[in-house]
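Visitor: I'd like to learn how to read a structure feature by feature. Could you take me through one?

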Amino acid sequence: MNVNDNFRREVGIPSIPSALPTGISFTSSHSSSIVQRQVMESHIDLATSSHLHLVHLKLNNTEDELKNTKAELEKALQQLQLSSIKHTNSFLWRIEGFSKILRRAQKKDETEIESDPFYTNTETECYGYKLKVIVCPNGDGDGEKTHLSVYIVIMKGEYDAILPWPFSKKVKFTLIDQEEDPDQRQNKTHKFVWQDCESLARPVTGENDGVGSPKFVSHEELNSRRFLVDDTLFLLVDIE
């Protein structure tokens, strides 16, 4: 058996007959050789075509299986992400390494940082609006270079279809004074008074623009008390 025979066996192409079918004979050896070659070529073409058709069907089945597997994985990932997001009306954000964050903001390398997203709770059900918080360490708008700015962002969530719109819940930000004696603490608090704006409507894209306070706390006040301890801030967000 030669190399060609091994190849044909591996890919599923039948062996080429060594002689013409019974009953066919030729008086001329030259004519016999031509016809025999034509028969062999026809045999190879037929076998190759059948084999390629089977390979094509197999590839189509594999492609469909991969698409189904991808869809299942994406669905599982969405469920995992949803289950890992906090559901709370009182979200505490611990911001570490604030000095470095502020320096980067002053250099305009990174002018804002954002919290992990979280879902609010309704009074009776464990579902609600999807939100996140944005902090501009070196200020934004009227507070640029002098204040720390804070904003609440309404994100597109899993439960939007059954929630009332526009968003109208009260939001309170509290920068916690880390004075060891709780009775001596002077937390910095700001409650938002909402006005009609597109940022409170049901999100059409991934998220709305943030709404909040560009002058939440001045840099001077930030360093006047124990808001910043071990280079760490604690920002509490209450949804009422």
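Guide: We'll start with the overall layout and then go to a helix, some salt bridges and some aromatic rings. Keep in mind that this is a predicted model.

Visitor: Fine, layout first. How many helices and strands does the protein chain have?

Guide: There are four helices and 10 strands in the protein chain. Reading from the N terminus, the order is α-α-β-β-α-β-β-β-β-β-β-β-α-β.

Visitor: And what share of the residues counts as buried?

Guide: Of the 240 residues in the protein chain, 32% are buried. The accessible surface is about 15,900 Å², and carbon and sulfur atoms account for 49% of that. For contacts, take the pairs at least 6 apart in sequence: 65% of them join residues at least 24 apart.

Visitor: Now a helix. How do I read which way its residues point?

Guide: The general idea is a matter of periodicity: an α-helix has 3.6 residues a turn, so residues three or four places apart point the same way. Now try helix 3, residues 98-106, where Phe-98, Ile-101, Leu-102 and Ala-105 are buried. Those four span an arc of only 100 degrees around the axis, which puts them on the same side of helix 3.

Visitor: Which elements do the buried residues of helix 3 pack against?

Guide: They pack against strand 2 (90-96), strand 3 (113-114), strand 6 (147-155), helix 4 (219-222) and strand 10 (232-239). Look just past the helix too: Lys-108 follows helix 3 and has a positive phi, near 65 degrees.

Visitor: On to charges. How do I read a salt bridge?

Guide: Look for a side-chain nitrogen of Lys or Arg within 4 Å of a carboxyl oxygen of Asp or Glu, then ask where the two partners sit. The structure holds seven salt bridges. One of them joins the side chains of Lys-132 and Glu-114, at 3.0 Å from N to O. Lys-132 is in strand 5 (residues 130-136) and Glu-114 is in strand 3, so this pair ties together parts 18 residues apart in sequence.

Visitor: Is Lys-132 buried or exposed?

Guide: Lys-132 is buried, at a relative accessible area of 4%. Glu-114, on the other hand, is partly exposed, with 46%.

Visitor: Which other salt bridge does Lys-132 take part in?

Guide: Lys-132 also meets the side chain of Glu-207, at 2.9 Å from N to O. Here the pair links distant parts of the chain, 75 residues apart: Glu-207 is in the loop between strand 8 (188-191) and strand 9 (211-218), while Lys-132 is in strand 5. Glu-207 is partly exposed, with a relative accessible area of 34%.

Visitor: What else does Lys-132 touch?

Guide: Leaving out residues up to four places away in sequence, the residues touching Lys-132 include Ser-115, Asp-116, Pro-117, Phe-118, Tyr-151, Ile-152, Val-153 and Met-155.

Visitor: Can you show me another salt bridge, away from that lysine?

Guide: Try Glu-221 and Lys-188, whose closest N and O atoms are 3.7 Å apart. This pair also links distant parts of the chain, with Glu-221 in helix 4 and Lys-188 in strand 8, 33 residues apart. Both residues are partly exposed, Glu-221 at 30% relative accessible area and Lys-188 at 23%. Back at the earlier pairs, shared partners join Glu-114, Lys-132 and Glu-207 into one network.

Visitor: Last topic, aromatic rings. How do I read a pair?

Guide: Check the distance between ring centres, then the angle between the planes; an angle over 60 degrees counts as edge-to-face. The whole structure has nine aromatic pairs. In one of them, the ring centres of Tyr-129 and Phe-167 are 4.9 Å apart with planes at 85 degrees, so the pair is edge-to-face. Tyr-129 is in the loop between strand 4 (118-119) and strand 5, and Phe-167 is in the loop between strand 6 and strand 7 (171-175), so the pair ties together parts 38 residues apart in sequence. Tyr-129 is buried at 4% relative accessibility, and Phe-167 is buried at 3%.

Visitor: How are the rings of Phe-167 and Trp-194 arranged?

Guide: Their centres are 6.2 Å apart and their planes lie at 75 degrees, so that pair is edge-to-face. Trp-194 sits in the loop between strand 8 and strand 9, 27 residues from Phe-167, and is partly exposed at 21% relative accessible area.

Visitor: Which residues form the aromatic cluster?

Guide: Tyr-129, Trp-165, Phe-167, Phe-173, Phe-192, Trp-194 and Phe-216 make up one aromatic cluster.

Key:
Residues numbered from 1 in each chain as written. Predicted model: local features only at pLDDT ≥ 70, side-chain atom pairs only at ≥ 80, totals over all residues. Heavy atoms only, no water. Helix = DSSP H or I, 4+ residues; strand = E, 2+ residues; numbered from the N terminus. Buried < 20%, exposed > 50% of the residue type's maximum accessible area, 1.4 Å probe, protein only. Contact = heavy atoms within 4.5 Å. Areas by Shrake-Rupley, 256 points an atom, 1.4 Å probe, with all protein chains shown as cover. Arc of directions from axis to C-beta. Phe/Tyr/Trp six-rings, centres within 6.5 Å; stacked < 30°, edge-to-face > 60°.
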